[in-house]
Structures are given as structure tokens and as C-alpha cells.
Amino acid sequence: MNAAELHQLLGAYVLGGLDAADQRRFEEHLPECADCQEELAGLERLPALLDALPVPDAVALTGNHRAAAALEPAGPVPLAVLGELAARRRKARRRWTALVGAVAAACLALGLAAGPMLTRPPQPDASYSVQADSGLRFSVDLARKTWGTELAVNGSSMPLDGTYSLWVRDRDGGEDRACAWTATPSGRVRVTGATPVQLASIASVELRDEAQKTVAVITVP
């Protein structure tokens with residue numbers, strides 16, 4: 001067998017598809033052939049790529065004419081090639097199964113850890129409430145924002161008609177309307193407002209009716 005014929009065995013050698021005699025001949029030839037050594041180094045990843053191919057296509061790509069001829073309906077696929085490809089596919093399936101299981105477990109653990117944080121409502125930076133002589137109960141949660149302060153209003157036993165608004169007074173005497181709403185038949189209200197006044201600068205929060213009469217005041221210390 002000359003050098004050119006030995007070189008043709010390279011593909012089958014990579015896949016382990018040579019018989020014992022051809023494998024011995026190729027391995028004796030390999031240390032003496034720089035071309036085969038270089039090509040063999042470039043084909044190190046070929047088995048992994050061939051794992052995804054159907055067996056006949058994988059064998060045909062090896063360049064082993066004897067193995068390719070065995071693909072004819074009259075003859076079986078060489079057992080060595082079939083065994084090698086089957087073993088590699090089993091290993092690949094085990095690797096993917098383990099990887100998928102690890103990712104699923106990590107996602108589950110992350111979900112369990114993050115779940116309470118995702119479902120827990122954000123906590124306000126300050127909360128205040130007041131109850132008027134009329135029975136009106138009124139509370140405000142204040143949350144710091146880069147643009148100012150967010151106000152969450154929660155009221156009960158409120159007047160049943162009219163329009164009401166929430167005003168923020170700062171420590172310099174200025175004021176800003178944070179939100180407004182129409183009274184509800186239940187006397188309950190939940191609204192969210194906003195003001196450019198920073199939380200540290202808020203002196204008080206006032207509930208006013210449509211005539212701008214103060215109904216209730218919350219003083220912020």
C-alpha cells in the first residue's frame with residue numbers, strides 16, 4: 001500500500017473504522033508523513049460533527065471506499081463504524097441530558113430563591129396616616145424616586161361625592177398637587193400620585209376637596 005492509499009485511510013482512522021491490519025499500517029505511516037499529521041490535527045473535532053449525521057452519510061464522508069461500499073443494500077454497515085458512532089451518540093445524549101437537568105435544577109433553585117422577592121411588593125420609605133373627627137381614615141406611603149417622590153394613597157370612610165386632591169407642601173412653603181380623584185360610592189379610595197419634591201423636603205401632605213378646603217393633614221417630621 002503506497003502513501004496515497006494510506007492517506008485515504010485517514011478519515012476512517014479518525015472514526016475508528018479501520019480493521020486491525022489497516023489501522024496498524026496507517027499508524028506506522030503516520031510518524032513519517034507530515035501531511036497526515038497536519039490533517040489529523042485538523043480533524044480532531046470531526047467525530048463530534050459526524051455524530052449529528054445519519055450513519056451512511058458519516059461513513060461516506062470518511063473516504064474509506066471499502067466502508068462506503070458496505071453501505072450497499074447487499075451488505076451491512078461495518079460493525080466497527082456502527083459501534084463507534086452509536087457509542088459517541090450515547091455519550092452525547094448523556095451529556096445533553098445532564099446539562100439540561102443541571103440547567104433545570106439551577107432555574108428551579110433560582111426561581112425558588114427569587115420567587116418571594118418577585119412577589120413581595122416594594123416597601124415604602126415612609127408611611128403616615130391620620131383619622132379625622134368625621135371618621136375619615138387616610139394614609140400615605142412615600143417612596144423615594146430619582147425624579148421626586150411617589151405617593152400611594154389609601155382612604156376609607158371618605159366622602160361619597162365630590163372631587164378630591166392630594167397636595168404636597170415642601171419645607172420652603174411651596175406646594176404641588178400630586179393627584180386627584182372622584183369620590184366613590186363605597187367611600188374607599190386607592191390612588192397613586194407623584195411629586196417632584198424629594199421626600200426629605202416634604203413638610204406635609206394635605207387632602208383637599210373641590211373647593212380647595214383642607215379635609216385632612218399629615219405632617220411629615
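This section describes the strands, nonpolar cores and internal cavity of a predicted model.

The protein chain contains 8 helices and 8 strands. Of its 221 residues, 33% are buried. When contacts in the protein chain are restricted to residues at least 6 apart in sequence, 51% of them join residues at least 24 apart.

Four strands make up an open sheet with antiparallel pairing, in the order β5-β4-β7-β8. The edge positions are held by β5 (175–182) and β8 (214–219); each has a single partner strand, so one side of each is left without a neighbour in the sheet. From one strand to the next, the twist averages 20°.

Within this sheet, β4 (residues 163–170) and β7 (residues 202–208) run antiparallel and are joined by 6 bridges. Leucine 166 has leucine 207 of β7 as its bridge partner, and valine 168 is matched with valine 205 in β7. On the other pairing of β7, 5 bridges connect this strand to β8 in the antiparallel sense. Here glutamate 206 stands opposite valine 217 of β8. The two strands β7 and β8 form a hairpin with 5 residues between them, and glutamine 212 in the turn has a positive phi of about 65°.

Strand β7 is mostly covered, with 6 of its 7 residues buried. Serine 204 is found in this strand, β7. Its relative accessibility is 8%, and serine 204 therefore counts as buried, the cut-off being under 20%. Residues up to four places away in sequence aside, serine 204 touches Trp167, Val168 and Arg169, together with Val217, Ile218, Thr219 and Val220.

Antiparallel pairing is also found for β2, β3 and β6. Strands β2 and β3 pair over 9 bridges in the antiparallel sense and form a hairpin with 2 residues between them. In this pairing, alanine 143 stands opposite glutamate 150 of β3. Strand β3 also pairs with β6, again in the antiparallel sense, over 7 bridges; leucine 151 stands opposite glycine 193 of β6.

Serine 139 is located in strand β2. The C-alpha atoms of serine 139 and tyrosine 128 are 5.6 Å apart in space, while the two residues are 11 residues apart in sequence. With residues up to four places away in sequence not counted, serine 139 touches Tyr128 and Ser129 as well as Ala152, Val153 and Asn154.

The largest nonpolar core has 25 residues, and those with the most contacts inside it are Phe138, Leu151, Leu166, Trp181 and Leu207. Two or more residues are given to this core by each of β2 (137–145), β3 (148–156), β4, β5, β6 (189–195), β7 and β8. Another core, of 9 residues, lies apart from it and includes Leu9, Leu10, Ala12 and Phe26.

The surroundings of leucine 166 can be listed in detail. Not counting residues up to four places away in sequence, leucine 166 touches Phe138, Leu151, Val153, Asp176, Arg177, Ala178, Cys179, Trp181, Val205, Glu206 and Leu207. Among these contacts, Leu207 is also the bridge partner of leucine 166 in β7. Phe138, Leu151, Trp181 and Leu207 are, with Leu166, the residues with the most contacts inside the largest nonpolar core.

A search of the whole structure returns 1 cavity of 30 Å³ or more. The volume of the largest cavity is about 40 Å³. Its lining consists of Met158, Pro159, Tyr164, Trp181, Ala183, Thr184, Gly187, Arg188 and Val189. Trp181 is thus named both in this lining and among the residues with the most contacts inside the largest nonpolar core.

Methionine 158, one of the lining residues, lies in the loop between β3 and β4. Methionine 158 counts as buried because its relative accessibility is 7%, and buried means under 20%. Methionine 158 and arginine 188 are 30 residues apart in sequence, whereas their C-alpha atoms are 6.1 Å apart in space. Neighbours within four places in sequence aside, methionine 158 is in contact with Leu136, Arg137, Trp181, Gly187, Val189 and Leu207. Of these, Trp181, Gly187 and Val189 also line the largest cavity.

How values were computed. Residues numbered from 1 in each chain as written. Predicted model: local features only at pLDDT ≥ 70, side-chain atom pairs only at ≥ 80, totals over all residues. Heavy atoms only, no water. Pairing = 2+ DSSP bridges. Axes fitted to C-alpha atoms, helices over the stretch in contact; angles between N-to-C directions. Core = buried A, V, L, I, M, F, W, Y, C linked by side-chain atoms within 4.5 Å. Buried < 20%, exposed > 50% of the residue type's maximum accessible area, 1.4 Å probe, protein only. Contact = heavy atoms within 4.5 Å. 1 Å grid on protein atoms, 1.4 Å probe; cavity = no way out; pocket = protein on both sides within 12 Å on 5 of 7 lines; lining within 4 Å. Points joined across faces, edges and corners; volume = space filled by probe spheres on them.
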